[in-house]
Amino acid sequence: MANLRLMVILVTVLIYLLPSCIKSLEIILPKSLNLTLLNDTSTISAASQDFGNITTVKPGGVLCPSSPAEISRLLSYAANGERKFQVAARGQGHSLKGQASVLDGVIINMTCLSGVVVSDDMKYADVAGGALWVDVLKKTAEKGASPVSWTDYLHVSVGGTLSNAGIGGEVFRNGPQISNVLELDVITGKGEMLTCSPQLNSELFDGVLGGLGQFGIITRARIVLNHAPKRAKWIRMLYSDFTAFTKDQERLISMANDTGVDYLEGQLFMSNGVVDTSFFPPADQSKVADLVKSHGIIYVLEVAKYYDDATLPIINQVIDKLTKTLSYLPGFISMHDVTYFDFLNRVKAEEDKLRSLGLWDVPHPWLNLFVPKSQILDFHNGVVKDILLKQNSTSGLTLLYPTNRNKWDNRMSAMITDEEDVVYVIGLLQSATPQNVPEVESVNEKIIRVCKDSGIKIKQYLMHYTRKEDWVEHFGTKWSDFSRRKDLFDPKKLLSPGQDIF
Ligand code: FAD
């Protein structure tokens, strides 16, 4: 009897312990695959975190592929028979909530594949999925060429931004980065290596662009290039009136290339946040700070006009003509003349500054939204004034700028609110401490709730939902295509499980 009781206890203990033993088991790959998985503590620890600094998800191993064929072998093995482990491509891990993570599965360190080859006619570059945009810029600019659409921050991977959309101040004119891709090499969840384009395997091409890593791993992207300008006139103007600010933004994004600006964004200076006046000359900085104090919110219109030797003689005239038509507060304009590279790489300087203050590797409970133009004033009143400005303090950046929806291709997976032609990009880019993450997250939830309750038709970007119904709502009429493509290209649901969709 005593023996029986002992056995029951032993079995019970085993049942409870077994799952955790399995979890910590390393993944053993057959020798015939000829693949080495790294699982040392520092590699695993680095692959468990991301820029969001809110989640920790431990993979079982990390593969640093020396060729796309290695990824294909790994996925063919994983997909063969019973699901053995899941797989997530990881570029820079600049996700916010574990989107590039995989519990106990294999992380593919895409930065191991990072080549950039510019075509002879300089019309496109063939870029490895793990290449950083900053390296694409360096390689192409050497030859006098450049991609035409950029994210604000260039130290992110090509595969990572193409899996989302890749948006920034050139989208109004050239579309998001996904609209500037000619062809892709993709390894599906079944391990197949396929080339796709609008003409070839178009279902895979459309699915992967903005597809959150769900259908395949991008190992090569053919990116559209144009002539690279040499320099940029980079201008910020201040507004105290929201309607005047958005009216000017909207007019500028409707102008033709030669008369208008090349880049347009906007941000808010709020009296309860840190106001970075450093763009303005030292003599004006206290005036800018006073302006924010007295108005509560100041709206910063940011534009750039690119130029080079051919346009040098007329650039000042063009800028004068443009700025004369704008209704910013008289005197509150500041212009920098910088190289094209320094302009595009401008956030790196911010990163270096924040790193030196120990403020880069902190939690980032960011909320990114698209808001239709007709509801931007409601958003401003209901969210910016009634919620954000009423916080005791805010820490981080608030972006607000319009873009043109007709530059997006609705066949692709990426979602943008489909209500109107002009859509605003909102970035509530808060930094937090480990202690106040829940507080900032609850403000974010309140913002989403307020938008829903007041009928503001937002769409989230870089989102992380944990409930299936939220994903179904997010993709709307595209959901049936999205889930059908999953069954087609990744039937075992191996890829990018950190997105929590399937
Ligand atoms: P990861 O975080 O590594 O991966 C993101 C997702 O893509 C994961 O699901 C991953 O599995 C998948 N994935 C990664 N590589 C591949 C691949 N080769 N094939 C298939 N799937 C893959 N975004 C903008 O659009 N505009 C901005 O202006 C902008 N500014 C930013 C500024 C900062 C400071 C930061 C940290 C981020 C910014 N982002 C911006 C967000 C950024 O584009 C996304 O976080 C993007 O995913 C980052 O790329 P990554 O290489 O770090 O991707």
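How far is an oxygen atom of the ligand from an N or O atom in the side chain of Tyr-461? The gap is 2.6 Å, which falls within the cut-off for a polar contact (a pair of N or O atoms within 3.5 Å). This comes from a predicted model, in which local features need pLDDT of at least 70, side-chain atom pairs count only at pLDDT 80 or more, and totals for chains, interfaces and linings use all residues. Residues are numbered from 1 along each chain as its sequence is written, and side-chain values use heavy atoms, with hydrogens and water left out.

Two other side chains reach ligand oxygens as well: a polar atom of Ser-157 sits 2.6 Å from one, and a polar atom of Gln-499 lies 2.9 Å from one. The protein buries 95% of the 960 Å² that the ligand exposes when taken alone (Shrake-Rupley areas, 1.4 Å probe).

Around the ligand there are 34 residues, with Ala-89, Ser-95, Ser-157, Ile-167 and Tyr-461 coming nearest (near means a heavy atom within 4 Å). By class, 14 are nonpolar, 18 polar and two charged (Asp, Glu, Lys and Arg count as charged; Ala, Val, Leu, Ile, Met, Phe, Trp, Tyr, Cys and Pro as nonpolar; the others, Gly among them, as polar).

Tyr-461 turns up again at the largest cavity, where Asn-164, Ala-414, Met-415 and Met-463 also rank among the residues nearest the centre. A cavity here is a set of points on a 1 Å grid over the protein atoms alone where a 1.4 Å probe fits but cannot get out, and lining residues have an atom within 4 Å of a point. The lining comprises 13 residues: eight nonpolar, five polar and none charged.

Terms used. A polar contact is a pair of N or O atoms within 3.5 Å; within protein, one must be able to donate a hydrogen and the other to accept it, and residues adjacent in sequence count only if both atoms are side-chain atoms. On a 1 Å grid over the protein atoms alone, a cavity is a set of points where a 1.4 Å probe fits but cannot get out, and a pocket is an open set with protein on both sides within 12 Å along at least five of seven lines; lining residues have an atom within 4 Å of a point.
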